[in-house]
Amino acid sequence: MDIQHIAAFSLDGRGGNPAGVVLLESSLPEGEMARIAAGVGYSETAFAVAAGDDGRSWRVRYFSPESEVPFCGHATIALGAALGARNGYGTYRLDLTTASITIEVAAGQTGMAITLVSPPTRSRAASRAEIAEALALFGLGEEDLDHRLPPARIHGGADHMMLALRDRARLAAMRYDLDTGRETMRRHGFVTIMLVHAEAAQEFAARNAFASGGVLEDPATGAAAAAFAGYLRDRGWPHGGRITIRQGEDMGMPSLIEARLSDMAGSPVEVSGVTREIAAG
């Protein structure tokens, strides 16, 4: 079986979030995909099965080392690079377990440039219990929050908890217990908990805890980026139609995510990044 290793949202040919990509002629049993993803060991592996004869439509599922994930942005970006190498540039349709999306594959300066169009977005204020448990998990207090961006449950194909921090140093100091985080995220149905710091109206630094999938932290999280962009729109934040998220810096894996959005409530968000190939092993 050909398992491709591709980093998504890389910056200047380095960093990014590694993903496994498996292009299949026919579906595999769920247990087999879970086993393969656990062996690959990345935060997610995408499994894609051709849904037509032209190579432009695919059925896709995503697995972390410990669970299936409904939507994964960085693995979708990585999948786009694999499809582009196989079938050329252009538009591809992906049928996920809960939505259908498209990706656009083009040439980039240091790798393939991929843009995904996310599922619809939505957000709501986090409950008191969600806020209290998330703050306790990271050893944070109410005084650490940026109250311009209140804690929220955000969605762009999967559910995430978002905490905005007023101090970049508190973001850099993110620490938490993996087992406690796993239990908290699974109980509330969060795929990740996103900690974010607004450096400017359209520029953000972020870290994403991914204990629900058995991974301490993601270097770049496209699904959360789409959800966060939708949240900003819901808040009436001056996004100017585009935001940039820098992630992975505090892990030594710098990543760059660009998101474009309209002012139409709930509409999908375009998330873009550049890929780089990783030598297997």
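The following questions and answers walk through a predicted model.

Visitor: Which residues of helix α1 are buried?
Guide: Helix α1 covers residues 30–40. Buried means under 20% relative accessible area. Those that count as buried in α1 are M33, I36, A37 and V40.

Visitor: Within what arc do the buried residues of α1 fall, seen down the axis?
Guide: The buried residues of α1 line one face of the helix. This follows because their directions, seen down the axis, fall within an arc of 100°.

Visitor: Which residues are exposed on the other side of α1?
Guide: A residue counts as exposed when its relative accessible area is over 50%. On the side of α1 away from the buried face, the exposed residues are G31, R35 and G39.

Visitor: What covers the buried residues of α1?
Guide: M33, I36, A37 and V40 are the buried residues in question. Their cover includes four strands, given here with their residues. These are β1 (3–8), β2 (17–24), β3 (45–50) and β4 (57–63).

Visitor: Which residue follows α1, and what is its phi?
Guide: The helix α1 spans residues 30–40. After it comes G41, and the phi of G41 is positive, near 85°.

Visitor: Where is F9 found, and is F9 buried or exposed?
Guide: F9 is not a glycine, yet its phi is positive, about 65°. F9 sits in the loop between β1 and β2. Its relative accessible area is 0%, so F9 is buried.

Visitor: Is D12 buried or exposed?
Guide: D12 also lies in the loop between β1 and β2. Its phi is near 55°, a positive value in a residue other than glycine. The relative accessibility of D12 is 62%, and the cut-off for exposed is over 50%. D12 therefore counts as exposed.

Visitor: How many aromatic pairs does the structure hold, and what kind of pair do F47 and F63 form?
Guide: The structure holds six aromatic pairs. In the pair of F47 and F63, the centres are 5.9 Å apart and the planes are at 85°. Planes over 60 degrees apart count as edge-to-face. The pair of F47 and F63 is thus edge-to-face.

Visitor: How many residues apart in sequence are the parts that F47 and F63 tie together?
Guide: Both F47 and F63 are buried. F47 belongs to strand β3 and F63 to strand β4, so their pair ties together parts of the chain. In sequence, these parts are 16 residues apart.

Visitor: What kind of pair do F204 and W237 form?
Guide: The centres of F204 and W237 are 6.3 Å apart, with 45° between the planes. An angle that is neither under 30 degrees nor over 60 counts as tilted. The pair of F204 and W237 is tilted.

Visitor: Where do F204 and W237 lie, and how many residues apart are they?
Guide: F204 is in strand β13 (residues 203–210), while W237 is in the loop between α6 and β15 (242–247). F204 is buried, with a relative accessible area of 0%. W237 counts as buried as well, at 12% relative accessibility. The pair links distant parts of the chain, 33 residues apart.

Visitor: Which residues do ring pairs link into a cluster?
Guide: F204 and W237 form one aromatic pair. Both belong to a cluster linked by ring pairs. The members of this cluster are F204, F228, Y231 and W237.

Visitor: What is the volume of the largest pocket?
Guide: The largest pocket is lined by 14 residues; the closest to its centre are S10, T110, L256, G273 and V274. The elements giving two or more residues to this lining are β8 (112–117), β16 (255–260) and β17 (270–277). By class, the lining has five nonpolar, seven polar and two charged residues. The volume of the pocket is about 210 Å³.

Visitor: Is T275 buried or exposed?
Guide: T275 has its place in strand β17. Among the residues that T275 touches are I6, S10, I77, T110 and M112. Its relative accessible area is 5%, so T275 is buried.

Visitor: Which elements give two or more residues to the lining of the largest cavity?
Guide: A search of the whole structure finds one cavity of 30 Å³ or more. About 70 Å³ of space lies in the largest cavity. Of its 16 lining residues, the closest to the centre are E44, F71, C72, T221 and A223. The elements that give two or more residues are α2 (73–87) and α6 (222–235).

Methods. Residues numbered from 1 in each chain as written. Predicted model: local features only at pLDDT ≥ 70, side-chain atom pairs only at ≥ 80, totals over all residues. Heavy atoms only, no water. 1 Å grid on protein atoms, 1.4 Å probe; cavity = no way out; pocket = protein on both sides within 12 Å on 5 of 7 lines; lining within 4 Å. Points joined across faces, edges and corners; volume = space filled by probe spheres on them. Nonpolar A, V, L, I, M, F, W, Y, C, P; charged D, E, K, R; others polar. Buried < 20%, exposed > 50% of the residue type's maximum accessible area, 1.4 Å probe, protein only. Arc of directions from axis to C-beta. Contact = heavy atoms within 4.5 Å. Phe/Tyr/Trp six-rings, centres within 6.5 Å; stacked < 30°, edge-to-face > 60°. Lists of a residue's contacts leave out its neighbours within four places in sequence.
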